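Open the model in your viewer and keep the sequence panel visible. The stops below say what to select and what is there.

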Amino acid sequence: MNELSAHYTDPRLASLYDIQNPWGPDSDFYLALAGRSALAILDIGCGTGMMATAFARQGHAVTAVDPAAAMLDVARSRPHGHLVRWVHGLVGDVQGSFDLVVMTGHAFQVLLDDETMLAFLQAVKQRLAPGGRFAFETRNPEARIWEQWGKPVVGRSSAGAPETMHVDIEKKGELVSFRSIYRFGDGTEVSSRSTLRFASQATISALAEKAGFSHQAWFGDWDRRPVEPGSRELILVAGFD
């Protein structure tokens, strides 16, 4: 698993995370997946808590866990943040049984090898109640999205957002490493390094089955269309008997 990058640990970047990653079709997907009947929900890698607080506003009992203290500082201060149980740590630090576990924001890609991925999936399953579901997304390696990362990008709402550039992009097998440079309006820069795994659908499916997830529903986009070779997303909703 990656060491935490400055993107999550630097308070200045954490405070701007929602500008670069606003509510979108992915958020709508997860909120609809939870439904209206009250569930016990675990949000892994909850970040600034946008999804966790949305679940809580809908009446769910939400626990949210993240290893980055700076992100949780933002999350706790959100409107309705008091409705969520925040945990600083990893999934292994969470106690309880949950009807729905989610891992959003492509956070699954920080699991860099089969052993780590399998151990994580097993830990999630141990925390699911009978009939529970685990939902997450990862970028489809066949879409080769990293080839577009050399261009400057800003959030969809650019007010206050730094210009972001991904440089030194290097691909070795399924792993893509890169450095992100954040340029602020006052001329200052913050740099962080990251490595993500672009695992195939077949690999993830096999590991999920080995972890005990006998039911798998795969989608290629947030409108629930099937996975196709050009799909940008690999979205899995997994359960077990």
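Where does histidine 80 lie? Select histidine 80: it is in the loop between helix 6 and strand 3. Helices (H or I, at least four residues) and strands (E, at least two) are DSSP runs, numbered from the N terminus. Residues are numbered from 1 along each chain as its sequence is written, and side-chain values use heavy atoms, with hydrogens and water left out. This is a predicted model, in which local features need pLDDT of at least 70 and side-chain atom pairs count only at pLDDT 80 or more, while totals for chains, interfaces and linings use all residues.

Stay on histidine 80 and read its backbone. Its phi is positive, about 70°, although histidine 80 is not a glycine. Most residues other than glycine have a negative phi. Histidine 80 is partly exposed, with a relative accessible area of 36%. On this scale buried means under 20% relative accessible area, exposed over 50%, and partly exposed in between (1.4 Å probe, protein chains only).

Now select arginine 144, in the loop between strand 5 and strand 6. Arginine 144 is another residue other than glycine with a positive phi, near 50°. Its relative accessibility of 39% makes it count as partly exposed.

**The whole chain**

Zoom out. The protein has eight helices and 10 strands. Of its 241 residues, 51% count as buried. Among contacts (heavy atoms within 4.5 Å) with a separation of 6 or more, 60% are between residues 24 or more positions apart.

**The seven-stranded sheet**

Show the strands as a cartoon. Seven of them form an open sheet in the order 3-2-1-4-5-10-9, with mixed pairing. Two strands pair if DSSP finds at least two bridges between them. Strand 3 (84–88) and strand 9 are at the edges, and each has a single partner strand, so one side of each has no neighbour in the sheet. On average, neighbouring strands of this sheet are turned by 15° against each other, direction ignored.

Select strand 4, residues 98–103. Five of its six residues are buried. Strand 4 runs parallel to strand 1, with three bridges joining them; in strand 4, valine 102 stands opposite aspartate 43. Strand 4 also runs parallel to strand 5, this time with five bridges. Two positions to pick out on that side are leucine 100, whose bridge partner in strand 5 is arginine 133, and methionine 103, which stands opposite phenylalanine 136.

**Helices on the sheet**

Add helix 7 (114–126). Helix 7 packs on the sheet and touches strand 1 (40–44), strand 4 and strand 5; its direction makes about 145° with that of strand 5. Axes are lines fitted to C-alpha atoms, for helices over the stretch in contact, and angles run from 0 to 180 degrees between N-to-C directions.

Then add helix 6 (residues 69–76), which lies across strand 2 (61–66) and strand 3 and runs at about 165° to strand 3.

**Helix 8**

Select helix 8, residues 201–210. Which of its residues are buried? Ile204, Leu207 and Ala208 are. Measured by the directions from the helix axis to the C-beta atoms, they cover an arc of only 100°, which puts them on the same side of helix 8. The face turned away from that side carries the exposed residues Ala202, Glu209 and Lys210. Cover over the buried residues comes from elements including helix 7, strand 5 (128–139), strand 9 (215–219) and strand 10 (233–239).

Keep helix 7 and helix 8 on screen. Their axes come within 9 Å and cross at roughly 45°. That makes helix 7 oblique to helix 8, where angles under 35 degrees count as roughly parallel, over 145 as roughly antiparallel, 65 to 115 as roughly perpendicular and the rest as oblique. The contact is made by Asp114, Met117, Leu118 and Leu121 of helix 7 and by Thr203, Ile204, Leu207, Ala208 and Lys210 of helix 8. Just after helix 8, glycine 212 has a positive phi of about 110°.

**The hairpin and strand 6**

Finally, select strand 7 (residues 175–183) and strand 8 (residues 189–197), which run antiparallel and are joined by nine bridges. They form a hairpin with five residues between them, and glycine 187 in the turn has a positive phi of about 95°. Phenylalanine 178 stands opposite serine 194 in strand 8. Phenylalanine 178 is also touched by valine 167, a residue of strand 6 (residues 163–172).

Notes:
Lists of a residue's contacts leave out its neighbours within four places in sequence.
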